[in-house]
Amino acid sequence: MPLVAVFGAGALLLTACGPAGGGSGAASGTFTYLGQTENTTIIGTLNALAKDQCAAEEKAAPLTADKSAGPQFDQKLQLLAGQDALSNMSMAAGTPSLMQQFIDADQVVDLSAELDKLGVADKILPAAESTIKALYGEDTLYSLPTEFNIEGFWYNKAILADNGIEAPATWDDLVEAAATLDGAGVQPFSAAGKDGWPITRLVGDYIARDLGPDALRAVADGDAKLTDPEYVKAADAVAALGEAGYFGEAIGSIDYNAAINEFLTGKSAFFYMGSWALANFNDEAQNTIGADNIGFAPFPDVEGGKGSIDQVPANVGVPVMFAQKDFGDDQAAWLKCIVSNYGDAVLNESGVVSGFALDNPPADLPETTQIVQQQIQDAPSSILWFEALFTSKGTSVSQTNGGGLASGSISGADFMKLVQAANDEG
């Protein structure tokens with residue numbers, strides 16, 4: 001839908017509803033923030049910064065915050081954008097295509113240029129910057145990574161050692177390890193087949209390792225199709241794991257919590273998941289195998305592939321954007337202070353790993369968190385998840401049928417036909 005149509009309708013609705021809090025724009029001498037009701041981490045960290053590292057910025061332009069419920073948040077942003085009344089800083093649109101509309105309308109700040117001007121461009125980690133640029137299909141930065149989650153295979157060190165297995169470096173290594181474990185009576189993988197997306201993540205990662213990090217962008221741009229043989233190969237590889245029974249019995253009934261429980265109670269050797277699961281890993285009540293018994297392996301290389309094992313599958317969780325309107329010296333000062341201090345503050349205050357470089361990380365970080373932080377620091381770039389650039393219908397069809405790959409009830413070719421057709425419908 002053209003930008004003017006989306007924002008024009010929003011403007012009419014906003015006028016009918018009356019003024020909206022947190023959306024009045026911001027004159028010089030103020031700094032407004034709009035976040036989702038459900039997310040208290042960002043505003044909590046901003047308030048902590050306002051009392052400490054950003055006290056001077058707070059005095060010059062006091063922080064004023066507002067919130068909107070998550071399910072309606074994108075609509076709220078549309079309405080405010082239609083009034084040219086975005087808050088100075090907001091959680092970014094959850095839908096990449098909506099964020100692209102804001103970019104095209106010049107309603108959000110080009111942060112690459114601004115951070116260069118402020119001398120703090122190096123405070124954004126390369127992998128996080130790569131993720132945001134890929135998400136919006138831009139060569140410049142339009143949001144900041146208040147979170148940064150990496151994904152890969154977590155594994156039970158003891159189980160691998162007992163079976164003479166090393167962390168897999170290639171897909172063939174992973175398949176061989178799964179066969180060895182299965183032969184020894186150990187379930188190779190835990191996964192939430194009921195939710196679907198933990199399985200489709202494997203398809204997307206295989207594509208990136210085999211065809212290169214831009215392979216799914218080519219599909220989104222219409223230069224390739226998921227039904228092309230080289231793309232079907234990835235779904236077939238994952239389906240082969242399912243056909244062999246490597247995800248265990250009744251995988252279609254296993255949800256996210258059940259999958260985590262399987263892994264943390266020693267019932268499986270591998271668990272593909274994002275680093276948001278660190279909270280579970282570091283919870284002694286949930287984790288009976290011990291946090292020090294959990295290792296991490298990046299998604300492995302595919303032999304002869306164009307991708308690289310150091311291109312980390314990642315997402316930026318809840319990025320934030322800055323409105324172009326009313327962006328002046330006070331707002332730039334807040335931007336500089338946030339970029340310079342947010343990473344340390346949110347890690348210390350909430351245990352959240354962000355995409356900002358750290359100056360003073362806590363000395364007592366759990367080993368699993370240290371592993372993630374090091375992976376993020378070292379990664380030169382990142383890759384997006386399978387559905388990142390899909391339509392909403394394509395995403396739904398993909399995740400609804402993902403569990404079928406893990407159970408062996410759907411072939412890779414049939415899965416890709418369904419998802420491509422859904423994407424084509426829009």
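**Charges, rings and turns in a predicted model**

At 37% relative accessibility, K233 counts as partly exposed, because the range between buried and exposed runs from 20% to 50%. This value, like every other one discussed here, was computed from a predicted model, and it opens a walk that begins with charged side chains, continues with aromatic rings and ends in the loops.

What does the side chain of K233 meet? The side chain of K233 meets that of D210 in a salt bridge, with 3.4 Å from N to O. Since D210 belongs to helix α10 and K233 to helix α12 (residues 229–243), the pair ties together parts that are 23 residues apart in sequence. The two partners can also be compared by their surroundings: D210 has a relative accessible area of 9% and is therefore buried, because buried means under 20%, whereas K233 is partly exposed.

A salt bridge is also formed by the side chains of K225 and D424, where the distance from N to O is 3.8 Å. K225 sits in the loop between α11 (215–220) and α12, and D424 sits in helix α18 (residues 412–425), so this pair ties together parts that are 199 residues apart in sequence. With a relative accessibility of 39%, K225 is counted as partly exposed.

How many salt bridges does the structure hold? The structure holds 9 salt bridges, and one of them joins the side chains of K157 and E367, at 3.5 Å from N to O. This contact links distant parts of the chain, for K157 is in helix α8 (residues 157–162) and E367 is in helix α16 (residues 367–378), 210 residues apart. K157 counts as partly exposed at 30% relative accessibility, and E367, at 38%, counts as partly exposed as well. Side chains of opposite charge can pair when their charged atoms come close.

Charged residues of one sign can also gather on the surface. E166, D172, D173, E176 and E303 form a negative surface patch. D172, one member of this patch, lies in helix α9, and because its relative accessible area is 47%, D172 is partly exposed.

Helix α9 also leads to the aromatic residues. A pair of aromatic rings is described by the distance of the centres and the angle of the planes. The structure holds 22 aromatic pairs, and in one of them W171 and Y206 lie edge-to-face, with 5.2 Å from centre to centre and 90° between the planes. This pair links distant parts of the chain, as W171 is in helix α9 (residues 171–183) and Y206 is in helix α10 (residues 197–211), 35 residues apart. Are W171 and Y206 buried or exposed? Both W171 and Y206 are buried. For F386 and F390, the ring centres are 4.9 Å apart and the planes stand at 75°, so this pair is edge-to-face too, and both F386 and F390 are buried. W171 and Y206 also belong to an aromatic cluster, which is made up of F153, Y155, W171, F189, Y206, F247, F270, Y272 and F299.

The backbone offers another kind of detail. Most residues other than glycine have a negative phi, and most peptide bonds are trans. Against that background, D84 has a phi near 55°, a positive value in a residue other than glycine. D84 is placed in the loop between α4 (73–82) and β3, and at 37% relative accessibility it counts as partly exposed. D326 likewise has a positive phi, near 65°, and is placed in the loop between β9 (320–322) and α15 (329–350), where at 33% relative accessibility D326 counts as partly exposed.

The last stop is the region around helix α5. G94 is found in the loop between β3 (89–91) and α5 (96–104), and G94 is exposed because its relative accessible area is 63%, a value over 50%. Although G94 and G317 are 223 residues apart along the chain, their C-alpha atoms are separated by 9.5 Å. Within α5 itself, L98, M99, Q100, Q101, F102 and I103 are buried, and just after this helix D106 takes a positive phi of about 60°.

Conventions. Residues numbered from 1 in each chain as written. Predicted model: local features only at pLDDT ≥ 70, side-chain atom pairs only at ≥ 80, totals over all residues. Heavy atoms only, no water. Helix = DSSP H or I, 4+ residues; strand = E, 2+ residues; numbered from the N terminus. Buried < 20%, exposed > 50% of the residue type's maximum accessible area, 1.4 Å probe, protein only. Phe/Tyr/Trp six-rings, centres within 6.5 Å; stacked < 30°, edge-to-face > 60°. Patch = residues over 30% accessible without salt bridge, like charges linked within 9 Å, V, L, I, M, F, W, Y side chains within 5 Å. Areas by Shrake-Rupley, 256 points an atom, 1.4 Å probe, with all protein chains shown as cover. Salt bridge = Lys/Arg side-chain N within 4 Å of Asp/Glu carboxyl O. Lys, Arg positive; Asp, Glu negative; His and termini not counted. Charge placed at Lys NZ, Arg CZ, Asp CG, Glu CD.
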